[in-house]
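Thanks for coming. I will go through one model this morning, residue by residue where that helps.

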Amino acid sequence: MKDNKILNLYDLVLIAGVILSNLIYSLISVYTNGEPFDTLGFIAGITGVLCVVLCAKRSIYNYLFGVINVSLYAYISYRSGIYGDFVLNAFYYFPMQFIGIYLWKKHKEKDAPQIVESKRMSNLNRCFLFTFCFAATMVTGYLLSRFTPDPMPYKDSATTVLSIIAMFLMVRAYMEQWFLWIITNVISIAIWAILAFEGERPAGLMVIMWVFYLRNSINGYIVWRKNAL
């Protein structure tokens with residue numbers, strides 16, 4: 001029997017944990033460093049987690065929060081000098097939110113109009129997918145290291161390439177997207193942790209957001225694999 005519930009206790013705890021963690025971090029920054037409350041980072045973190053939690057549950061409503069999240073994250077990335085993430089969010093993730101809405105509406109489950117049917121790849125296609133991801137990451141990382149001042153070219157390349165492919169798999173409703181999201185989340189945690197150590201102001205909130213993304217990606221893989229056709 002397929003699981004068509006949108007949110008369960010685990011999801012609600014995950015969302016509440018992000019809201020509480022973001023609030024605590026922001027208040028600590030306000031009272032210890034005298035910094036103003038980081039409203040944009042706070043909203044980006046919350047909408048981002050709402051988006052990915054709903055995606056893990058195969059709910060089309062994830063795209064509504066996704067539009068807000070990618071817009072804010074693009075601005076934060078640009079301000080922090082993470083230009084790969086800025087381009088990715090502003091010129092790829094943002095339009096893909098609307099493409100996702102269109103495609104998911106065409107592949108809804110009959111007994112749950114807000115839930116998309118999940119699919120899985122063949123083993124041969126999985127091999128091709130991972131080979132292509134590795135090759136594209138290496139080539140893009142080399143180009144970034146050769147022609148740009150990017151301080152972390154291969155990490156930036158990996159998050160950019162894997163996210164582009166994962167987003168494509170997401171709008172096509174393939175469960176293999178979660179393999180790529182898990183890898184992307186781990187690398188993104190490392191990038192923002194380095195920036196937080198260097199004193200970049202919104203980086204701490206971004207670390208919190210990506211840690212919860214990682215937990216949700218693991219849960220998303222479990223849910224999508226269970227319901228994949």
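Tyr213 is buried, since its relative accessible area is 7% and the limit for buried is under 20%. This is a predicted model, so please keep that in mind throughout. Tyr213 shares helix α8 with Trp210; the two are three residues apart, about one turn of the helix. Trp210 is buried as well, with a relative accessible area of 10%. How do the rings of Trp210 and Tyr213 pair, stacked or edge-to-face? Their centres are 5.0 Å apart and their planes stand at 80°, so this pair is edge-to-face; the cut-off for that class is over 60 degrees.

Both of those residues also touch Asn185. Leaving aside neighbours within four places in sequence, the contacts of Asn185 are Trp210, Tyr213, Leu214 and Ser217. Asn185 itself belongs to helix α7. Its relative accessibility is 2%, so Asn185 counts as buried.

Tyr213 comes up again with the cavities. The count is three cavities of 30 Å³ or more. The largest cavity has a volume of about 320 Å³. It is lined by 22 residues, and the closest to its centre are Cys51, Val52, Tyr93, Trp181 and Tyr213. Which elements give two or more residues to that lining? They are α2, α3, α4, α6, α7 and α8.

Next, the nonpolar cores. In soluble globular proteins, nonpolar side chains tend to be buried together. The largest nonpolar core here has 33 residues, and Tyr63, Trp104, Met167, Leu180 and Trp224 have the most contacts inside it. At least two residues of this core come from each of α2 (39-56), α3 (62-80), α4 (83-106), α5 (123-147), α6 (153-171), α7 (177-197) and α8 (203-227). Which helix gives the most to this core? That is α6, with eight residues.

Take Leu180 from that list. With neighbours within four places in sequence left aside, Leu180 is in contact with Leu129, Phe130, Cys133, Leu162, Ile165, Ala166 and Leu169. Apart from the largest core lies another core, of 30 residues, including Met152, Ala158, Ile208 and Phe212.

Back to the rings. The structure holds 14 aromatic pairs. One of them joins Phe128 and Phe132, whose ring centres are 6.3 Å apart with planes at 20°, so that pair is stacked. Phe128 and Phe132 both sit in helix α5, four residues apart, about one turn of the helix. Are these two buried or exposed? Phe128 is exposed, with a relative accessible area of 59%, and Phe132 is partly exposed at 45%. Ring pairs also link Tyr63, Trp104, Trp178 and Trp224 into a cluster. Of that cluster, Tyr63, Trp104 and Trp224 were also named among the residues with the most contacts inside the largest core.

There is one charge over a ring to point out. The charged end of Lys119 sits over the ring of Tyr174, 4.6 Å from the ring centre.

Now two backbone points, both in loops. Arg58 is not a glycine, yet it has a positive phi of about 65°. Where does Arg58 lie? It is in the loop between α2 and α3. Its relative accessible area is 0%, so Arg58 is buried. Ala173 is the other case: its phi is near 65°, a positive value in a residue other than glycine. Ala173 lies in the loop between α6 and α7. At 3% relative accessibility, Ala173 counts as buried.

Last, some distances. Asn33 is in helix α1, residues 9-33. A relative accessible area of 52% makes Asn33 exposed, because the limit for exposed is over 50%. How many ångströms separate the C-alpha atoms of Asn33 and Met167? They are 37 Å apart, and the two residues are 134 residues apart along the chain. Lys106, in helix α4, counts as exposed at 53% relative accessibility. Lys106 and Val116 are ten residues apart along the chain, with 8.6 Å between their C-alpha atoms.

To go back to the start: Tyr213 is buried, pairs edge-to-face with Trp210, is in contact with Asn185, and is among the residues closest to the centre of the largest cavity. I will stop there.

Notes:
Residues numbered from 1 in each chain as written. Predicted model: local features only at pLDDT ≥ 70, side-chain atom pairs only at ≥ 80, totals over all residues. Heavy atoms only, no water. Core = buried A, V, L, I, M, F, W, Y, C linked by side-chain atoms within 4.5 Å. Buried < 20%, exposed > 50% of the residue type's maximum accessible area, 1.4 Å probe, protein only. Contact = heavy atoms within 4.5 Å. Phe/Tyr/Trp six-rings, centres within 6.5 Å; stacked < 30°, edge-to-face > 60°. Lys NZ or Arg CZ within 6 Å of the ring centre and 35° of its normal. 1 Å grid on protein atoms, 1.4 Å probe; cavity = no way out; pocket = protein on both sides within 12 Å on 5 of 7 lines; lining within 4 Å. Points joined across faces, edges and corners; volume = space filled by probe spheres on them.
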